Amino acid sequence: MTTSSADRSAAIPPSAERGRKLPGWVENRASDRFRPGALVRDLWSYRELGVVLAISTLRVRYKQAAFGVAWAVLQPLLAVILFSIVFGRLAGLPSDGIPYPVFNYAAMIIWLYVSLGVTAAAQSLVENRDLITKVYFPRPVAPLSAAFPGLVDFAIAFVVLVGILVAYDVTPDWAVVLTPAWVAAAMLVVVSVGFPLAALNVRYRDVRLALPLAMQLWLFASPVVYSSSLVEGGWKYVYALNPMSTVLDGFRWSVADGPAPGPEALVSAAVVIVVLVAGLFYFARAERSFADVV
Amino acid sequence: MQTAIEVEGLSKRYRLGQNLGGYKTLRETLMSRRRRDAADEAHLWALRDVGFSVPQDQALGLIGPNGAGKTTLLKILARITQPTTGISRTRGRAGALLDVGTGFHPELTGRENIYLNAAILGMSRREVRRRFDEIVDFAGLERFLDTPLKRYSWGMYLRLAFAVAAHVEPDIVIVDEVLAIGDARFRAKCLEKMSEFGQEGRTVVFVSHDLGSITQLCRRAIWLDHGQIQADGPSEEIVRRYVRDSVGDVPRADFTPDPSRRVQVLAAEVADGSGVAIDHPERGQPLTLRVRFVVREPLPVVAIGFTLQDHRGIRVLDEVWGEHGSDMLAIDDAPTEIEAEIVVPPILPAGSYLVGVTIGSSYDLFLEQEVLHFRVWPRADDPADSLERDRVVQPPVTWHVGRAGIR
């Protein structure tokens with residue numbers, strides 16, 4: 001009987017190969033090491049998969065939806081009408097000297113992007129269960145690609161924002177050039193929170209159940225319906241632990257001539273970086289068992 | 001010849017229950033953390049110290065009973081999951097076909113699914129654009145390109161899926177059981193494509209219970225059992241030994257119920273022509289092949305199939321009930337147990353056989369390729385050398401011998 005070890009040849013060092021160009025060795029072993037460099041290279045070589053997944057998500061979303069893309073506008077618009085009545089009129093919340101609907105709508109479209117993105121990222125691995133158990137791809141591709149479809153809705157809602165700015169006669173100043181940076185910051189928030197949530201969700205489906213509630217709480221912990229100017233003194237730095245405070249203030253500063261974010265923005269930046277790095281580490285540790293557990 | 005696959009000391013341990021509805025709730029974890037005792041930690045070694053290497057131009061067949069670790073090994077080779085210990089090295093990208101149509105979305109059209117599926121299998125968009133017409137040609141579905149996949153029939157779905165898979169060009173082709181799906185023409189097409197891969201000098205690793213296609217496609221086979229390599233060598237020899245050695249003492253098999261499976265075979269047995277279970281089936285008498293399976297979710301059962309392979313892996317029988325749509329068994333009150341049997345006329349020569357069962361609904365196909373190994377014994381009055389003859393069937397024949405022209 002030929003047994004497992006009988007004809008095993010010695011490991012071949014890759015450098016010893018000569019002649020015809022051959023693909024390099026790809027290794028699979030139990031490993032505790034997390035190599036960010038290798039991950040980035042791997043992600044880059046699978047970038048097309050990420051793009052295709054994002055495009056497919058978009059296509060599926062608007063198939064058989066009678067109002068189609070109009071939902072991207074209807075959702076923030078209806079929320080703003082409601083909030084303008086409740087918080088703007090009845091509660092009379094201050095809005096940094098910006099007309100309340102403008103104040104609220106600008107924040108709302110960023111918020112909806114983040115909320116949609118985080119939810120999609122958290123579900124991205126579980127929903128692609130079939131892929132995870134049947135093919136190889138760098139697993140971070142799934143939550144990463146979940147951050148993109150929402151940008152399309154955001155872009156459409158943004159066009160409406162321009163209309164609203166014109167209607168309310170609000171003119172942004174030079175800070176408008178920073179608008180893309182705030183959108184990028186929002187994406188960073190989505191990705192940094194999305195990684196650990198997606199990985200947690202594979203093991204604990206509680207994530208999916210708890211998420212809607214968590215997003216509600218996060219909404220009211222962020223300056224969407226009210227202004228962050230309500231928070232004063234040293235509390236500003238505590239408040240900035242929620243990075244969305246800086247993202248929303250910054251976006252409103254850029255597009256709606258709101259007040260510029262203060263030095264507490266650095267706290268938000270630090271939080272995002274810490275969450276991103278810690279989240280990636282957790283993800284890398286958890287991903288080894290994704291295919292077995294999901 | 002260059003080595004394409006190197007596997008050393010590979011083991012994979014699953015926590016029991018992990019791959020049957022794996023995830024759990026946070027509360028369960030918190031509870032079990034508190035009283036984590038040895039009894040909680042039941043493990044199963046799906047692979048245990050497996051090692052082999054495959055030269056670059058070789059097609060390797062993997063055989064073994066269900067639960068032998070074949071799929072786990074493929075998943076490690078394809079980097080879908082990590083080994084618990086040991087290393088698997090592959091030269092270049094290993095493309096795994098563990099299923100057809102991975103990632104297909106029912107709402108998307110055929111065209112959109114081609115792009116999606118190709119990207120999932122590792123093809124670049126430029127490559128897909130370049131070969132799009134070829135893929136469509138291969139599938140023969142030009143007219144349905146803009147139809148949502150959910151309106152496709154099972155056959156069309158398979159054709160589209162395989163057309164994409166056949167145009168992906170990984171360095172190492174890993175195929176699990178795909179050939180068992182679909183009709184004979186589809187199987188033949190798949191086999192042809194697979195041998196093409198082999199002729200192009202690609203490395204192929206192929207799992208199948210269809211032992212005939214293993215010997216046809218692969219010069220070498222590895223027999224896995226309980227996560228360990230049982231034998232490794234020329235495929236004909238390994239298949240022969242596998243079929244011979246897998247036969248149990250009695251022609252009967254029972255399976256542990258696994259509630260996570262929607263459809264599962266629970267028992268299979270051989271009976272005589274009148275349906276009475278027997279321990280010692282003999283050649284020259286009709287035999288009944290009987291299978292009992294459970295359907296755990298409401299399901300329209302539209303097809304039940306039996307296959308019977310001999311020791312060479314030749315399909316002696318491939319019978320399907322309900323293939324023409326007139327018969328149907330709608331299971332509304334699941335779980336329900338179904339019994340199906342066929343009576344095989346007295347044609348089987350003495351030897352070892354392998355029974356496979358397929359159960360099909362409108363959308364899914366449940367394959368149990370190896371439900372029963374059994375032996376048909378020679379009759380007491382058979383000549384001693386009767387077993388050595390190389391025949392596929394042995395029906396009763398009538399001889400007429402005499403001098404020419406006399407009759």
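**Reading the contact between chain A and chain B**

Modeller: In this predicted model, the area buried between chain A and chain B is about 5400 Å², and carbon and sulfur atoms give 52% of that area.

Colleague: Which residues of chain A lose the most area to chain B?

Modeller: They are Trp25(A), Asn28(A) and Asp292(A), which together account for 13% of what the chain A side buries.

Colleague: How many residues does each chain bring to the contact?

Modeller: Chain A gives 53 residues and chain B gives 66 residues.

Colleague: How many salt bridges does the rule find across the interface of chain A and chain B?

Modeller: The rule asks for a side-chain nitrogen of Lys or Arg within 4 Å of a carboxyl oxygen of Asp or Glu, and across this interface it finds 3 salt bridges. One of the pairs to look at joins Arg59(A) to Glu112(B), where the closest N and O atoms are 3.3 Å apart. As for polar contacts, 12 residue pairs are counted between the two chains, with both residues at pLDDT 80 or more.

Colleague: Which elements give two or more residues to the side of chain A that touches chain B?

Modeller: Among them are strand E1 (25–29), helix H1 (36–45), helix H2 (47–62) and helix H8 (179–203) of chain A; the largest share of that side, 9 residues, comes from H2(A).

Colleague: Turning to the surface, is Leu82(A) buried or exposed?

Modeller: Exposed means over 50% relative accessible area, and Leu82(A), at 51%, is therefore classed as exposed. Leu82(A) lies in helix H3 (residues 70–90) of chain A, and together with Leu78(A), Ile81(A), Ile85(A), Val86(A) and Leu90(A) it forms a nonpolar surface patch with about 600 Å² of accessible area.

Technical notes:
Residues are numbered from 1 along each chain as its sequence is written. Chains are lettered from A and ligands numbered from 1 in the order in which they are written. This is a predicted model: local features need pLDDT of at least 70, side-chain atom pairs count only at pLDDT 80 or more; totals for chains, interfaces and linings use all residues. Side-chain values use heavy atoms; hydrogens and water are left out. Patches are made of residues with over 30% relative accessible area and no salt bridge: like charges are joined within 9 Å, nonpolar side chains (Val, Leu, Ile, Met, Phe, Trp, Tyr) within 5 Å. Accessible areas come from the Shrake-Rupley method with a 1.4 Å probe; for residues, only the protein chains shown count as cover. Helices (H or I, at least four residues) and strands (E, at least two) are DSSP runs, numbered from the N terminus. Buried means under 20% relative accessible area, exposed over 50%, partly exposed in between (1.4 Å probe, protein chains only). Contact means heavy atoms within 4.5 Å. Buried area is the accessible area (1.4 Å probe) that two parts lose on being put together, summed over both. A polar contact is a pair of N or O atoms within 3.5 Å; within protein, one must be able to donate a hydrogen and the other to accept it, and residues adjacent in sequence count only if both atoms are side-chain atoms.
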